[in-house]
Amino acid sequence: MLEVKKLAKKFGQRQILKDISFTLNDGDIMTIVGQSGAGKTTLLRIIAGLETKDSGQILVDGQNITQGQIGVVFQDFNLFPNLNVLENITLAPRLVLKESEEAAKKQALALLAQLKLTGHETQYPYQLSGGQKQRVSIARSLAMKPKILCYDEPTSALDPNLREEVEKMILELKKTGLTQLIITHDLVFAEKVADQVLRVKPLSEA
């Protein structure tokens, strides 16, 4: 279970987040929605450990959050262009989790099969569609065995016709018990996939 309690963040004199609190139960999906400037991505980056908070608590299963518990699928996917699909997925498990090459490859192939990417193992990012890049990014995050997977605007970089495909993929991952937190401006998508919708609004200048 993820608990966020009274989270606050300023950039200079501008208050971006103030007293943000919510609970996300294991296996559930939460979407965080709001207009540009509301602090959605800042909130995600703080939860993922990519940005510092000014005050508040972030707990996983009642304990302070630790490195590796949160996976992130970035809006621009952040795949390594010089590595093929299999190498993109196996790199971090081998370097960070110290998995053997054989174990990392076995897990990567299973994730690729789960995400309907079998046959793309040796392709490079430039050879993939936007939807395929997104699924490789998800596989790469899942390979690190996170407790919670976060997405930053998962439908924004895709053709509108692919939104339904993204919905299905996220709901399929839910069936595996994965807890998911999604930043999005797409209200229709947000309500279709979410167990909870958190709405955030921009704060006036402090």
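Helix α1 (residues 40–47) is largely enclosed by the rest of the structure, because six of its eight residues are buried. This report describes a predicted model, and every value in it is computed from that model.

**Helix α1 and its surroundings**

The buried positions of α1 are Lys40, Thr42, Leu43, Leu44, Ile46 and Ile47. The set thus includes Lys40 and Thr42 alongside Leu43 and Leu44. Helix α1 lies across the strands β3 (29–33), β6, β7 and β8 (179–184), and runs at about 150° to β8. Just after the helix, Gly49 adopts a positive phi of about 80°.

Thr42 also takes part in a contact with strand β1, through Phe11. Phe11 belongs to β1 (residues 2–11). Leaving out residues up to four places away in sequence, Phe11 touches Ile16, Thr42 and Glu51. Its relative accessibility is 38%, and Phe11 therefore counts as partly exposed. Between Phe11 and Asp54 there are 9.7 Å in space, C-alpha to C-alpha, although the two are 43 residues apart in sequence.

**The two sheets**

An open sheet of five strands has the order β6-β7-β8-β3-β9, and its strands pair in parallel. Its edges are formed by β6 (70–73) and β9 (196–199); each has a single partner strand, so one side of each is left without a neighbour in the sheet. On average, neighbouring strands of this sheet are turned by 20° against each other, direction ignored. Strand β6 pairs with β7 (residues 148–152) in the parallel sense over four bridges, and Val73 stands opposite Tyr151 in β7.

Another open sheet is built from four strands in the order β2-β1-β4-β5, with antiparallel pairing. Here β2 (14–24) and β5 (63–64) occupy the edges, each with a single partner strand, so one side of each lacks a neighbour in the sheet. Seven bridges join β1 and β2 in the antiparallel sense. Within this pairing, Val4 has Phe22 of β2 as its bridge partner.

Met1 lies in the segment that precedes β1. With a relative accessible area of 30%, Met1 is partly exposed. Residues up to four places away in sequence aside, Met1 touches Thr23, Leu24, Asn25, Asp26, Leu59, Val60 and Asp61. Met1 and Ile148 are 147 residues apart in sequence, yet their C-alpha atoms are 9.0 Å apart in space. Ile148 falls within β7 (residues 148–152).

**Helix α4 and the residue Gln134**

Helix α4 lies across β6 and β7 and runs at about 170° to β6. Gln134 is found in this helix, which spans residues 130–142. Gln134 is buried, with a relative accessible area of 2%; the cut-off for this class is under 20%. Neighbours within four places in sequence excluded, Gln134 is in contact with Val73, Phe77, Pro154, Leu158, Val166 and Met169. Of these partners, Val166 and Met169 are also among the α5 residues that make the contact with α4.

**Helix packing**

Two packed helices are described by the angle between their axes and the distance between the axes. The values for two helix pairs are as follows.

| Helix pair | Angle | Distance between axes |
|---|---|---|
| α2 (residues 85–95) and α3 (residues 101–114) | about 130° | 9 Å |
| α4 and α5 (residues 163–175) | about 15° | 12 Å |

Helices α2 and α3 are therefore oblique to each other, and their crossing is right-handed. From α2, the contact is made by Val85, Leu86, Ile89, Thr90, Pro93 and Arg94; from α3, it is made by Glu101, Ala104, Lys105, Gln107, Ala108, Leu109 and Leu112. By class, the residues of this contact comprise eight nonpolar, two polar and three charged.

Helices α4 and α5, by their angle, are therefore roughly parallel to each other, and α4 passes α5 in a right-handed crossing. Gln134, Arg135, Ile138 and Leu142 of α4 meet Glu165, Val166, Met169 and Leu173 of α5 in this contact. The residues involved divide into five nonpolar, one polar and two charged.

Notes:
Residues numbered from 1 in each chain as written. Predicted model: local features only at pLDDT ≥ 70, side-chain atom pairs only at ≥ 80, totals over all residues. Heavy atoms only, no water. Axes fitted to C-alpha atoms, helices over the stretch in contact; angles between N-to-C directions. Parallel < 35°, antiparallel > 145°, perpendicular 65-115°, else oblique. Left-handed = near helix turned anticlockwise from the far one by under 90°. Contact = heavy atoms within 4.5 Å. Nonpolar A, V, L, I, M, F, W, Y, C, P; charged D, E, K, R; others polar. Buried < 20%, exposed > 50% of the residue type's maximum accessible area, 1.4 Å probe, protein only. Pairing = 2+ DSSP bridges.
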